[in-house]
Amino acid sequence: MTNAREQSQHGHVFRPGPFHWRRAYWLDGSVLHWRISDHPGQVRLADIDSMRLNLPEGTGAARCVLVEQTGRVHKLSDIYWPRWTKEERRYWGRLQRRDATFRGLTFTLARRLKKANPDAVIQTGPGRGEWLATCIVAAFAVAIVIGGAALMVVHSRFEPAATAFMALAAIYLPMIWPVIRSGGPKPLDPETLHNAKPRDNNTELKAL
């Protein structure tokens, strides 16, 4: 059964993949609650050491990573994959983006976390590892394009297969450029998070 607070102003329900459990997070004052499948839990905001909020440009998924003082990690997303249940079956296979509730929860969470634990590290952008990996992939893609073109010029020979592979590498570069341009995680002032979108009743399932 769905807890009414999961659908509250500061509640967010998501399912990041078709083979993942349904997850719900919601705020109750200075306490963050969650329910993963049928397993509930909670943590005081004062016991959260860090928060990283990633709101990528374009079609990328929005993510939030929380780390408790105990080392436990919470990963939130704005993606919801409907389940094969009586209520959701008609939406099955159609990925949903629950941006409004994601922002409603995480923006408020960031502001409350800053007050509850002034020493908490609050950042925005992709993780350092993700950023470095993306830069490495981009470097390989550039090397493939430039190196392949140079070899064909030197040997005065056109290779359709190699050209197609180079084209794929070139097409991929604009897709990862926003991550590279971000420069990795950066400090975030929660007070700048003031543009949360209102809940859209037409795009989110209510009878879950």
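1. Start with strand β5, residues 48-54. Five of its seven residues are buried, so the rest of the structure largely encloses this strand. Keep in mind while reading that this is a predicted model.

2. What does β5 pair with? On one hand there is strand β6 (residues 63-68), which pairs with β5 in the antiparallel sense over six bridges. On the other there is strand β10 (residues 121-124), which runs parallel to β5 and is joined to it by four bridges. Leu 53 shows both pairings nicely: its bridge partner in β6 is Cys 64, and its bridge partner in β10 is Thr 124.

3. Asn 54 deserves a look of its own. This residue lies in β5, and its bridge partner in β6 is Arg 63. Is Asn 54 buried or exposed? Its relative accessibility is 7%, and the cut-off for buried is under 20%, so Asn 54 counts as buried. Leaving aside residues up to four places away in sequence, Asn 54 touches Ala 61, Ala 62, Arg 63, Gly 125, Pro 126 and Glu 130.

4. Now zoom out to the sheet that holds β5. It is an open sheet of five strands in the order β7-β6-β5-β10-β11, and the pairing is mixed. β7 (73-77) and β11 (186-187) stand at the edges with a single partner strand each, so one side of each has no neighbour in the sheet.

5. There is another open sheet to find, made of four strands in the order β1-β2-β3-β4, with antiparallel pairing. Its edge strands are β1 (11-14) and β4 (39-44), each of which pairs on one side only. Ignoring direction, neighbouring strands in this sheet are turned by 15 degrees against each other on average. For a closer view, try strand β3 (residues 31-36), which pairs with β4 in the antiparallel sense over six bridges; here His 33 stands opposite Gln 42 in β4.

6. Which helix packs on that four-stranded sheet? The answer is α1, which touches β1, β2 (23-28) and β3, with its direction at about 45 degrees to that of β2. Helix α1 covers residues 99-116, and its 18 residues reach 25 Å from the first C-alpha to the last, close to the 26 Å expected at 1.5 Å a residue. Of those 18 residues, 13 are buried, so to speak of α1 as mostly covered is fair.

7. Helix α2 (residues 128-154) comes next along the chain's helices. Its 27 residues should span 39 Å at 1.5 Å a residue, and its end C-alpha atoms are 38 Å apart, which agrees. Buried residues in α2 include Trp 131, Thr 134, Ala 138, Ala 141, Gly 148 and Met 152. An α-helix has 3.6 residues a turn, so residues three or four places apart point the same way. That is handy when you look at the helix from the side. What do the buried residues of α2 pack against? They pack against α3 (160-182). After α2 comes Ser 156, with a positive phi near 50 degrees.

8. A word on the cysteines. A search of the whole structure finds zero disulfides. Cys 64, the β6 partner of Leu 53, has 0% relative accessibility and so counts as buried. Cys 135, at 24% relative accessibility, counts as partly exposed.

9. Finally, the chain as a whole. How many helices and strands are there? The secondary structure comes to three helices and eleven strands, and along the sequence they follow the pattern β-β-β-β-β-β-β-β-β-α-β-α-α-β. The chain has 208 residues, of which 38% are buried. It exposes about 12200 Å², with carbon and sulfur atoms supplying 61% of that area. As for contacts between residues at least 6 apart in sequence, 57% of them join residues at least 24 apart.

Key
Residues numbered from 1 in each chain as written. Predicted model: local features only at pLDDT ≥ 70, side-chain atom pairs only at ≥ 80, totals over all residues. Heavy atoms only, no water. Helix = DSSP H or I, 4+ residues; strand = E, 2+ residues; numbered from the N terminus. Expected span 1.5 Å × (residues − 1). Buried < 20%, exposed > 50% of the residue type's maximum accessible area, 1.4 Å probe, protein only. Pairing = 2+ DSSP bridges. Contact = heavy atoms within 4.5 Å. Areas by Shrake-Rupley, 256 points an atom, 1.4 Å probe, with all protein chains shown as cover. Axes fitted to C-alpha atoms, helices over the stretch in contact; angles between N-to-C directions. Disulfide = S-S within 2.5 Å.
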